[in-house]
Amino acid sequence: MTQSPDRLAIPPDAICRMSARELHAAYAARELSPVEVLDAVLARVELVDPALSAMYWRFDESARAAAVASERRWLRGASLGRLDGLPITAKDNMDVPGAPTYLGSRTNLFTRTPTEPDPLVRAFLDRGAVLFAKSTMVETGLFSGSFSSLHGPVRNPWNLAKSTGGSTSGGAAATAAHIGPVHLGTDGGGSLRSPAASCGCVALKATAHSRPFGYPPGDVPASSGVRGFLSRDVDDQIFVFDEIAESDGVGDARPVGGLRVGYLPEPSADPGVGDVHPVVRAAVEAAIDRLSGTVRIEEIPEPLFEGPMWEAAVTAAFTGVSRTLDAGPPEFAGRLHPVVRETVARARATAGPAGRAEEEVRRLTAHHGRRLASAFERYDLLVLACNYYPSFDAELPWHDECALIEALGYGWTSGACPHIGWAGGGPPSVSVPCGLDRDGVPIGLLIAGRPGSDAEVLRAARRFEEVLKFTALF
């Protein structure tokens, strides 16, 4: 595969090339200050974000104050840890006082004016991170494209004509474009992992309910969502995860060669998801071939997930959106992106008795959970395509060959991400880049493990990344 002539052509300076780990070392050695880093990152925003639409709210004043405070701590030898002075952004749906939370929509019913920060944002700020912006997202967070009636389409730095995926669209674009090394987001059905795969980045969906990443236990699928972050490589994912999770078990170098790994060439028989596209499958299987000398991989020919869970999930989600709209003035519906408006209308028409779609999601999630648990009795890890389809135009909601749920007109490009994420108590999974499609846009390999095995999944991802030797954008 060749690179796209439409890729972002403005390379980062030496500071913006640095990882979170390198920034921490430079601060500790007093070779660099958090103020210098913030200046470099904000200059990078000015240069490249007009082409990307990755940011919608800047915190220049408070970010500078935070960077100055961090600089003073480092000079006193009193840093707050490895995240002190680290520049970050937070996704639109993650509350930050001083900025509106829009959910990517011009519909005022979704807008919040928060007084308290999101718990993961707070965890980063408490450790001295410098929040400099809010990042854009696909409207409502329920699509795997990057369109929005408020923000416009977010564009992929690898090919500016293409989508980043969603819903953490702006965070993924910013990560790939070197607008800071770490960007916060959320993931229920692939919203971190899917855009990470499309932008050549790395993202972990941690075990559901794990602090401070997970939401409280409750109804599926909402309670299986997690907070997390994107990084440019697995080392930074581990570096930050160890600090935030207060873990000391990820960063070691335990070998992965003894792990039993199952490969799912066609993970799902869900009619709302479809088959893995040949371009994606070829890239994933080429990666599997390269990994076979490092770890034992066995093909699992039958789909692990079956039944129309995604149709039920979409119906339930957009019926909920319709109830929110019904509570407000009729003109609010006219502010939705046309794809969202049409999907809401079809969900209304096909929802059936109240609660039926939600109950179907719970039933199929439990069924998938049992099958997943059975697979993990035999395998330590599962590997599969993160996104089933290659890249598509930024203005589109999904790939034009994507499977559609006919009753809803809804396409999905995140493959087994929702099934992996919701089943079996929300096991951890991480996306790492493994190749490029015909338009020069990355393809991701998803690595999943048993609930609670986040450290093992990240260690395997680091080793796989070393073997695959994916060439970064810059």
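Modeller: Welcome! One definition to begin with: two strands count as paired when DSSP finds at least two bridges between them. Please also keep in mind that this is a predicted model.

Biologist: Thanks! How many bridges join strand E6 to strand E8?

Modeller: Strands of a sheet pair through backbone hydrogen bonds, either parallel or antiparallel. E6 covers residues 182-187 and E8 covers residues 226-231, and the two run antiparallel. One pair of bridge partners is Thr186 with Arg227 in E8. The number of bridges joining E6 to E8 is six.

Biologist: Which strands stand at the edges of the open sheet?

Modeller: The open sheet has eleven strands with mixed pairing, in the order E1-E3-E2-E6-E8-E7-E14-E15-E11-E9-E10. An edge strand here has a single partner, so one side of it is left without a neighbour in the sheet. That applies to E1 (55-58) and E10 (296-299).

Biologist: By how many degrees are neighbouring strands of this sheet turned against each other on average?

Modeller: Here the direction of the strands is ignored. The average turn between neighbouring strands of the sheet is 30 degrees.

Biologist: Is helix H5 largely enclosed or exposed?

Modeller: H5 spans residues 169-176 and lies across E1, E3, E6 and E8, at about 25 degrees to E8. Its buried residues include Ser169, Gly170 and Thr175. Because eight of its eight residues are buried, the rest of the structure leaves H5 largely enclosed.

Biologist: At about what angle does helix H11 run to E11?

Modeller: H11 is made of residues 356-378. It lies across E9, E10, E11 and E15. Its angle to E11 is about 120 degrees.

Biologist: Which residue does a cis peptide bond join to Gly166?

Modeller: Most residues other than glycine have a negative phi, and most peptide bonds are trans. The bond after Gly166 is cis, with omega about 15 degrees. Its other partner is found in the loop between strand E5 (159-163) and H5. That residue is Ser167.

Biologist: And which residue does the cis bond from Arg211 lead to?

Modeller: Omega of this bond is near -5 degrees. The residue sits in the loop between strand E7 (202-205) and E8. The bond from Arg211 leads to Pro212.

Biologist: Thr140 has a positive phi; is Thr140 buried or exposed?

Modeller: Phi of Thr140 is about 70 degrees, although Thr140 is not a glycine. The residue lies in the loop between E3 and strand E4 (155-156). A residue is called buried under 20% relative accessible area. With 11%, Thr140 is buried.

Biologist: Is Lys469 buried or exposed?

Modeller: Lys469 also has a positive phi, near 50 degrees, and lies in the segment after helix H13 (454-468). The cut-off for an exposed residue is over 50% relative accessible area. Since the value for Lys469 is 64%, this residue is exposed.

Biologist: Looking at the whole chain, what is its radius of gyration?

Modeller: The chain has 13 helices and 15 strands. For 474 residues the globule rule gives 23 Å, and the computed value is close to that, so the chain is as compact as a globular protein of that length. The radius of gyration is 21 Å.

Biologist: Finally, what percentage of the chain is made up of buried residues?

Modeller: The C-alpha trace spans about 60 × 60 × 45 Å along its principal axes. The accessible surface comes to about 16900 Å². Of the 474 residues, the buried ones make up 61%.

Definitions and conventions
Residues numbered from 1 in each chain as written. Predicted model: local features only at pLDDT ≥ 70, side-chain atom pairs only at ≥ 80, totals over all residues. Heavy atoms only, no water. Helix = DSSP H or I, 4+ residues; strand = E, 2+ residues; numbered from the N terminus. Axes fitted to C-alpha atoms, helices over the stretch in contact; angles between N-to-C directions. Contact = heavy atoms within 4.5 Å. Rg over C-alpha atoms; globule rule 2.2 N^0.38 Å. Buried < 20%, exposed > 50% of the residue type's maximum accessible area, 1.4 Å probe, protein only. Areas by Shrake-Rupley, 256 points an atom, 1.4 Å probe, with all protein chains shown as cover.
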